[in-house]
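Here are some comments on the model, set out as numbered points for you to read beside the coordinates. I have kept to the strands and helices around one part of the fold.

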Amino acid sequence: GYCLKSLDIAYETYGQLGKNRENAILICHAFSGNAHAAYFHHNHTKAGWWDHYIGEAKAFDTTKYFVICSNVIGGCNGSSGPLSINPETNQPYGSEFPSISIGDMVNAQAKLIDFFDIQTLFCVAGGSMGGMQVLSWSVQYPKRVKNSIVIASTAEHSAVQIAYNEVGRQAILS
C-alpha cells in the first residue's frame, strides 16, 4: 500500500476530557458527513448533523462525556484527501490520492485518539459508513473500546451494493 508522508485530521470536540481520560466518545460519520457533528461550531452556519444527540442532557451528554468527531481521511472536509498537496509534486493529489479503506480511516482516528493521550474510549458510535468504522474499531482495537454503537450498518456489502457504489464512483471520476 501507499504511505502518506503527512496526515491532517480535521476534528471537533464537545465537552471536557476527564482527568482519568475515560469519558471519551468517538463519533464516526457516514459517507456524506464530516467532523461538524454538533452545535454552531467554528463559524458554521448550520448546527451539526447529530446536534439532536450531542449536547447537555442529550444521548451523548457533554456534561458527562468528551465527544470527538473527526473527518475521515480521503474526504474533502479538512482531513488529508485528494485536495491535499502531494509533497512530491507540490500539487493537489487529485485522482492520485491513494484508495482508502475503512481500516485506514480507523487507523487515522486511532492516531487522533493517541494525540489526546486516551488509552480506552468509553464508546465508539456511528451510522452507515460510520457504523462500519465502529465495527472496524472493535476488531482492530478491541482493548481500546469499551462500548460500540452501530447504527444502520453492515460488516460487508453485497454484490449489488458494490455495483451501485462503483457506478457512483465512476460518475465522480468521469
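1. Which strands and which helix make a right-handed β-α-β unit? In this predicted model, the unit is made by strand β6, helix α2 (residues 129–140) and strand β7, and its hand is right-handed.

2. Strand β6, which spans residues 121–127, has six of its seven residues buried, so the rest of the structure largely encloses this strand. Buried is used here for a relative accessible area under 20%.

3. The pairing partners of β6 can be taken in turn. Strand β2 (residues 24–28) pairs with β6 in the parallel sense over four bridges, while β7 (residues 145–151) runs parallel to β6 and is joined to it by six bridges. Gly126 is a useful residue to look at in this respect, since Gly126 of β6 is the bridge partner of Cys28 and has Val150 as its own bridge partner in β7.

4. Helix α2 also packs against helix α1 (residues 102–115), with axes that come within 9 Å and cross at roughly 70 degrees. Angles of 65 to 115 degrees count as roughly perpendicular, and α1 and α2 are therefore described as roughly perpendicular to each other.

5. The contact of α1 with α2 brings residues of α1, including Ile102, Met105, Val106, Ala110 and Ile113, to meet residues of α2, among them Met129, Met132, Ser136 and Trp137. Sorted by type, the residues of this contact divide into eight nonpolar and six polar, with no charged residue.

Note on methods: Residues numbered from 1 in each chain as written. Predicted model: local features only at pLDDT ≥ 70, side-chain atom pairs only at ≥ 80, totals over all residues. Heavy atoms only, no water. Buried < 20%, exposed > 50% of the residue type's maximum accessible area, 1.4 Å probe, protein only. Helix = DSSP H or I, 4+ residues; strand = E, 2+ residues; numbered from the N terminus. Pairing = 2+ DSSP bridges. Right-handed = clockwise from strand over helix to strand, strands pointing away. Axes fitted to C-alpha atoms, helices over the stretch in contact; angles between N-to-C directions. Parallel < 35°, antiparallel > 145°, perpendicular 65-115°, else oblique. Contact = heavy atoms within 4.5 Å. Nonpolar A, V, L, I, M, F, W, Y, C, P; charged D, E, K, R; others polar.
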